[in-house]
Amino acid sequence: MLTYLQRIKAFLERGVCGDYQLKAWHPDDADRFELVAPSVHTGWEPVEIGGSGLEGKVPGIVVGISGPIVDDGEKRLIPVCLSLIVCAAGSVLPGKGITPDRTGYYDLLNLGDRVVYAVRNAVEVGEGMVLDEPRIEFEPDNESMGDLWLGLVSFTLRAAPGPRAACRDLI
């Protein structure tokens, strides 16, 4: 399974994040932000909101599995859930620091659209995997978590089935 996650991660790094930049907190000054490409991670790591565990992960995408993987011998179905996270750095006003605004929400919507577009139009979503059905769900969280905006993109990928018992000795 790790191989599937790594392939999806590589696809997102190339097809979504490579030439795209969003706001990130400046490492040396909380009143400033910088533009960086979203980072892509695999698996669900515990993250304490507002803690140092977010460093290098915002803006970002976390690749995970959202349900059972079904292998019927003909195909393998992989339910993918991408967690999107962006910061709402707002506007920097001289003498007033950052004034929060809804640009983080707009950044989240734009990142979600970019992911949906890339998945929908890809020949393969990671090597050897294709979109199983046209349905892709993008669900932005309509409330911020402090300075963060979160959203989910989910879809199902189809891959070749796992090896049959008679083929295991060849692996």
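**Exercise 1. Find which residues of helix H1 are buried, and what covers them.**

*Solution.* Start with the helix itself: in this predicted model, the buried residues of H1 are Tyr4, Leu5, Ile8, Phe11, Leu12, Val16 and Cys17. A handy bit of background here is that an α-helix has 3.6 residues a turn, so residues three or four places apart point the same way. Next, look at what sits over those side chains: the cover includes strand E3 (39-42), along with E4, E6, H2 and E11.

**Exercise 2. Work out which residues have the most contacts inside the largest nonpolar core, and which elements feed it.**

*Solution.* Step one is the head count: this core has 34 residues. Step two, pick out the best-connected members, which are Leu12, Ile61, Leu82, Leu111, Val115, Phe155 and Leu157. Step three, map the core onto secondary structure: two or more residues each come from helix H1 (2-17), strand E4 (60-65), strand E6 (76-87), helix H2 (103-121) and strand E11 (148-159). Finally, zoom in on Val115: leaving aside residues up to four places away in sequence, Val115 touches Val16, Ile61, Leu82, Leu84 and Val153.

**Exercise 3. Describe the aromatic pairs and say what the Tyr105–Trp149 pair ties together.**

*Solution.* There are two aromatic pairs to find. Take Tyr105 and Tyr106 to begin with: their ring centres are 6.2 Å apart and the planes make 55°, so this pair is tilted. Now check accessibility. Tyr105 has a relative accessible area of 13%, so it falls under the 20% cut-off and is buried. Tyr106, at 46%, is partly exposed.

Then move on to Tyr105 and Trp149, another tilted pair, with 5.0 Å centre to centre and 55° between the planes. Tyr105 belongs to helix H2 and Trp149 to strand E11, so the pair ties together parts 44 residues apart in sequence. Both Tyr105 and Trp149 are buried. Put the pairs together and you get a cluster of Tyr105, Tyr106 and Trp149.

**Exercise 4. Characterise the surroundings of Asp71, from its accessibility to its polar contacts.**

*Solution.* Locate Asp71 in strand E5 (residues 70-71). Its relative accessibility is 34%, so Asp71 counts as partly exposed. For neighbours, skip residues up to four places away in sequence, and you're left with Arg76, Pro161 and Gly162. Gly162 is 91 residues from Asp71 in sequence, yet the C-alpha to C-alpha distance is 7.2 Å. Last come the polar partners: the Asp71 side chain contacts the side chain of Arg76 at 3.0 Å, and it reaches the backbone nitrogen of Gly73 at 3.0 Å.

Conventions
Residues are numbered from 1 along each chain as its sequence is written. This is a predicted model: local features need pLDDT of at least 70, side-chain atom pairs count only at pLDDT 80 or more; totals for chains, interfaces and linings use all residues. Side-chain values use heavy atoms; hydrogens and water are left out. A nonpolar core is a set of buried Ala, Val, Leu, Ile, Met, Phe, Trp, Tyr and Cys residues joined through side-chain atoms within 4.5 Å. Buried means under 20% relative accessible area, exposed over 50%, partly exposed in between (1.4 Å probe, protein chains only). Helices (H or I, at least four residues) and strands (E, at least two) are DSSP runs, numbered from the N terminus. Contact means heavy atoms within 4.5 Å. Rings of Phe, Tyr and Trp (its six-membered ring) pair if their centres lie within 6.5 Å; planes under 30 degrees apart count as stacked, over 60 as edge-to-face and the rest as tilted. A polar contact is a pair of N or O atoms within 3.5 Å; within protein, one must be able to donate a hydrogen and the other to accept it, and residues adjacent in sequence count only if both atoms are side-chain atoms.
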